[in-house]
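Biologist: Please pick one part of this protein and take me through it up close. I'm new to this, so explain the terms as you go.

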Amino acid sequence: MEITKETLIGDLLNENPGYATVLSACGMHCVFCPSAAGESLEMACAVHGMDVEKVLEGLQNYDKENA
């Protein structure tokens, strides 16, 4: 799965629930709430005041470490 700013949180977690650890470590602790599932990664980062590029980097590093 290619992860982009437009990737929905729900799709991301359906692909790999382990991504929740990355999001949580970045400060996004509500990844399993129903409203988060329909938000894009970019929207969720904006709501939480996070840099989407840094979160994308964290998710990519997670993929490399867990391949």
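**A close look at one part**

Modeller: Let's start at Ser-40, which sits in the loop between helix H3 (34–37) and helix H4. Helices here are DSSP runs (H or I, at least four residues; strands would be E, at least two), numbered from the N terminus. Keep in mind that this is a predicted model, with residues numbered from 1 along each chain as its sequence is written. Local features need a pLDDT of at least 70 and side-chain atom pairs count only at 80 or more, while totals for chains, interfaces and linings use all residues, and side-chain values use heavy atoms, leaving out hydrogens and water. The pLDDT is the predictor's confidence in each residue, from 0 to 100. The protein averages 91, and 100% of the residues score at least 70. Confidence is lowest in H3, with a mean of 83, and highest in H5, at 95.

Back to Ser-40. It is buried, at a relative accessible area of 10%. (Buried means under 20%, exposed means over 50%, and partly exposed is in between, using a 1.4 Å probe and protein chains only.) Which residues does Ser-40 touch, if we skip those up to four places away in sequence? They are Lys-5, Glu-6, Thr-7, Leu-8 and Ile-9, where a contact means heavy atoms within 4.5 Å. Thr-21, on the other hand, is 19 residues from Ser-40 in sequence and 17 Å from it in space, C-alpha to C-alpha.

One of those partners deserves a stop: Thr-7, in the segment before H1. Thr-7 is buried too, at 9% relative accessible area. A polar atom of its side chain lies 2.8 Å from the backbone nitrogen of Thr-4. That is a polar contact: a pair of N or O atoms within 3.5 Å, where within protein one must be able to donate a hydrogen and the other to accept it, and residues adjacent in sequence count only if both atoms are side-chain atoms. Again not counting residues up to four places away, Thr-7 touches Met-1, Glu-2, Leu-12, Glu-39, Ser-40 and Leu-41.

Leu-41 brings us into H4 (residues 41–48), whose buried residues are Leu-41, Ala-44 and Cys-45. These cover an arc of only 100° around the axis, so they sit on the same side of H4; the arc is that of the directions from the helix axis to the C-beta atoms. Why would that pattern come up? An α-helix has 3.6 residues a turn, so residues three or four places apart point the same way. On the other side of H4, Ala-46 and Val-47 are exposed.

What does the buried side of H4 pack against? Its partners are helix H1 (9–15), helix H2 (19–26) and helix H5 (52–65). Leu-41 shows this nicely: beyond its neighbours within four places in sequence, its contacts include Ile-9, Leu-23, Val-52, Val-55, Leu-56 and Leu-59.

Zoom out a bit and you meet the largest nonpolar core, with 20 residues. Such a core is a set of buried Ala, Val, Leu, Ile, Met, Phe, Trp, Tyr and Cys residues joined through side-chain atoms within 4.5 Å. The members that touch the most others are Ile-9, Leu-23, Met-28, Leu-41 and Leu-59. H1, H2, H4 and H5 each supply at least two residues, and H5 gives the most, with five.

So let's walk on to H5. After H4 comes Gly-49, with a positive phi near 65°. Asp-51 then caps the N-terminal end of H5, with a side-chain oxygen 2.9 Å from the backbone nitrogen of Glu-53. The buried residues of H5 are Val-52, Val-55, Leu-56, Leu-59 and Tyr-62. Looking down the axis, they fall within an arc of 120°, so they line one face of the helix. That buried set packs against H1, H2 and H4. Lys-54, Lys-64 and Glu-65 are exposed on the other side of H5.

Last stop, Val-55 in H5: it is buried, at just 2% relative accessible area. Setting aside neighbours within four places in sequence, Val-55 is in contact with Leu-23, Cys-26, Leu-41, Cys-45 and Met-50.
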